[in-house]
Protein chains: 2
Amino acid sequence: MTKNIHKILFFLFLFQPLLAQKKNHEQQINEIFNLALTQGKSYDWLDYLSNQIGGRLSGSLNAERAVKWGEEALQSLDLDRVYLEDVMVPKWVRGNFEYASIITGPGMSINVPVCSLGGSIATPAAGLRAQVVEVKDFEELEALGEENIKGKFVFYNRAMPANLINTFDAYSKTVDQRSSGAAKAARLGAVGVIVRSMNLRLDDFPHTGNMRYGDLPNKMRIPAAAISTNGAQLLSSMLSLNKELYFYLKQDCKNFPDVPSHNVIGEIRGSEFPDEIIVVGGHLDSWDLGDGAHDDGAGIVQSMEVLHLFKKMNYQPKRTIRVVLYMNEENGLRGGTTYAKNAKQKGENHLFALESDSGGFTPRGFSFEARPEQFKKIESWKPYFESYLVDRFALGGSGADIGPLRNGSTVLSGLLPDSQRYFDFHHAANDTFDAINKRELELGAAAMTSLIYLVDQMGL
Amino acid sequence: MTKNIHKILFFLFLFQPLLAQKKNHEQQINEIFNLALTQGKSYDWLDYLSNQIGGRLSGSLNAERAVKWGEEALQSLDLDRVYLEDVMVPKWVRGNFEYASIITGPGMSINVPVCSLGGSIATPAAGLRAQVVEVKDFEELEALGEENIKGKFVFYNRAMPANLINTFDAYSKTVDQRSSGAAKAARLGAVGVIVRSMNLRLDDFPHTGNMRYGDLPNKMRIPAAAISTNGAQLLSSMLSLNKELYFYLKQDCKNFPDVPSHNVIGEIRGSEFPDEIIVVGGHLDSWDLGDGAHDDGAGIVQSMEVLHLFKKMNYQPKRTIRVVLYMNEENGLRGGTTYAKNAKQKGENHLFALESDSGGFTPRGFSFEARPEQFKKIESWKPYFESYLVDRFALGGSGADIGPLRNGSTVLSGLLPDSQRYFDFHHAANDTFDAINKRELELGAAAMTSLIYLVDQMGL
């Protein structure tokens, strides 16, 4: 018995420094969560960004207002450095109207909620009136061929599959309709495309998003619009009764030459390894229909909160912690590519980059792009996240803005919030501040801060 | 090499039946989730229960409408048996008005949102006007003593602590103000109590809930009302400037003698062990301010969905699966106690009881009241729930309605949804159908059905 006690005491002695360190990390993370939930700034920041600035599409004056706000907010945190990085961004404007109706007979029509897809051209000034061919996918489109498509609207109506647990998987199985549906249909002589909104819920909000014509010659390009899920159900149901009905679409969106904009960057310089950079960020631009509260106002304020909480705790990081508010994720990714290009040119060493761009919902874990030995080290930190219910660590895609930093050694990571509600709001007019729950937002910020704290303490 | 292959083949042969069974369970659970998310009835049921029936406080005519609806909905499922169980329930009615204001000077007053607490008596017909003493807890109250309390309102203003991750923990740390605050204050001569709503969010909804006078003599009883969190902040801030201000409260709620009501019960009889009963349920009654969509319409329709999905799959359970829509959880628990008493009298053998009464949010796992060897068996099923992200299994409290079944051998369990938003809606006028996300509700129902499927297949 005595012998065993000696053994135990010996091991306690041996592991004491390790245990003390573990306890210290636990305490720091506990303080991070406490502060985020009681003295955090993320919710108030997001209130301002959503309600006082609002939608901030790249190239718009509101995007520049957001840049100015971001710069001033970071300056208020007493960081070691706050600066803007020049980025040329595409400029597409929605114009003054977008309007559509289903024409069921002479003088008989029903309005349906539509919005222009980002990057689309306008209809002729008088609008477009044509019959409709409904398809579920490109295979069906190709099978129908030019003889059935020419002169008509193509109506892409493949719904996001409801039975997938992760709604981002359902999105990736349907978004091709939106991104390349117009280019495919144009080659078969279609006059325009109507795309079912990427939304799992049946409601009246059309959801915009980017589309590309690719190498389609200018004169072949056709207008593309999204229709709300309820509108898509209505149109499909009417087509099943009358395949000869007409659809009318009028929109005056327009593409302009690129204009200058900025990434907004702030950093706390590392005390021991200032040349090892840890990036945390989201994208400052948003679509123009709502206020971009979830996409990606949430990610912006959570990223800023990481540095705010470190300051609040008087935590002096060993490595350089840099927040990047990326411009132009939605329709160009110019902020992300420019940042990575400049970083490479300057020979900067990025240890880790974390993005939040999946909505401000309850965080459930993180995804990682990492080498096996890196991921093994990160996985050993899971116990620190258990009591906060943020301990799902998985290999997988991280974030669009940090993607250009991918080089095989920098570890990339994405916050994984609960995904069930995200596409109810994504790119639509209801992505507003009232769709944000304060605690869910703050828990995400706390989880991000905790992960970055551990990377800073332990390296990778 | 060849030897190793033989070894592997031998083990494969040995474990094939087990592996096949595991695969079969995986497929069944996959089908459960698929059906719940694509052909479930829970969301439409909840739409009807919330929007066509609405608030259904025990003893009200709406509660009886809910009983009738529940009975008819269960009858439509072609179960082996649907019946009502008689329950006597308390009857408390809110009356025609509840009104309060802060009187800051002669002729100067500000309205604040209040609601009567369930079980409270009315104020005198002309209302109550008195000065206010703000306290955080009973210790502070007792320290102030009769000399400072007599003739005044006691204002309980201890906020739910924001730094706890599980909001139910924050609730249990503050709900004593609501449940026994009036009785404690009355003994010190207070004329009434105003209680800060159990809500983590700052908003304008007063949250009702049950209160008890205990053994306080009738003539000593005083009225109790909840004030919205914004109202509480306002009152506290005004009191800090002027301790002499007056508060005015007028309410005409009333207690009546008990009235008859019912639990609604339906069952599929087990094919192998019909005497082993598995119960799934929630509570059919709700508070009267909102529509009881989360509390506990969600639990009701999820419980009904379990039997609907089994029918849809043509699954014939080995054991008897019984759904119980309990009456009167909110202000008496008479449904739960009556059910357990009758079950005991009939000598029924309850193997397992599962309750959903924590809101229709994304499910994250289950709590269990079980003996160690029972919990060990249940824990071995966790892998079945991993890909649905519902694999947090923990020992802990289950549900109020099934609590009376506790006997040391019946395993009790509660669905654990994400808790962050629950108290935004709990017992308030905004607990309505629009606060429900279809997928989150359905995922809960699917998780419950899967757990009950496994208990039915494997026993406990």
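**Chain contact and nonpolar cores**

The contact takes 21 residues from chain A and 21 residues from chain B, two residues being in contact if their C-beta atoms, placed from the backbone, lie within 7 Å. The model is predicted: local features need pLDDT of at least 70 and side-chain atom pairs count only at pLDDT 80 or more, whereas totals for chains, interfaces and linings use all residues. Residues are numbered from 1 along each chain as its sequence is written, and chains are lettered from A and ligands numbered from 1 in the order in which they are written.

Of the interface residues of chain A, 100% are also interface residues in chain B, so the copies meet through the same surface. Chain A is superposed on chain B by a rotation of 180° with 0.0 Å of shift along its axis (RMSD 0.0 Å), by least squares on the C-alpha atoms of residues with pLDDT of at least 70 in both. This is the relation of a two-fold axis.

The largest nonpolar core (buried Ala, Val, Leu, Ile, Met, Phe, Trp, Tyr and Cys residues joined through C-beta atoms within 7 Å; buried means 20 or more other C-beta atoms within 10 Å of a residue's own) has 124 residues. Those with the most contacts inside this core are Val154(A), Val193(A), Ala225(A) and Ile452(A). Its largest share, 11 residues, comes from helix H13 (residues 438-458) of chain A, helices being DSSP runs (H or I) of at least four residues, numbered from the N terminus. Apart from this core lies another, of 79 residues, including Leu74(B) and Leu443(B).

Definitions and conventions: Buried ≥ 20, exposed ≤ 12 C-beta atoms within 10 Å, placed from the backbone. Helix = DSSP H or I, 4+ residues; strand = E, 2+ residues; numbered from the N terminus.
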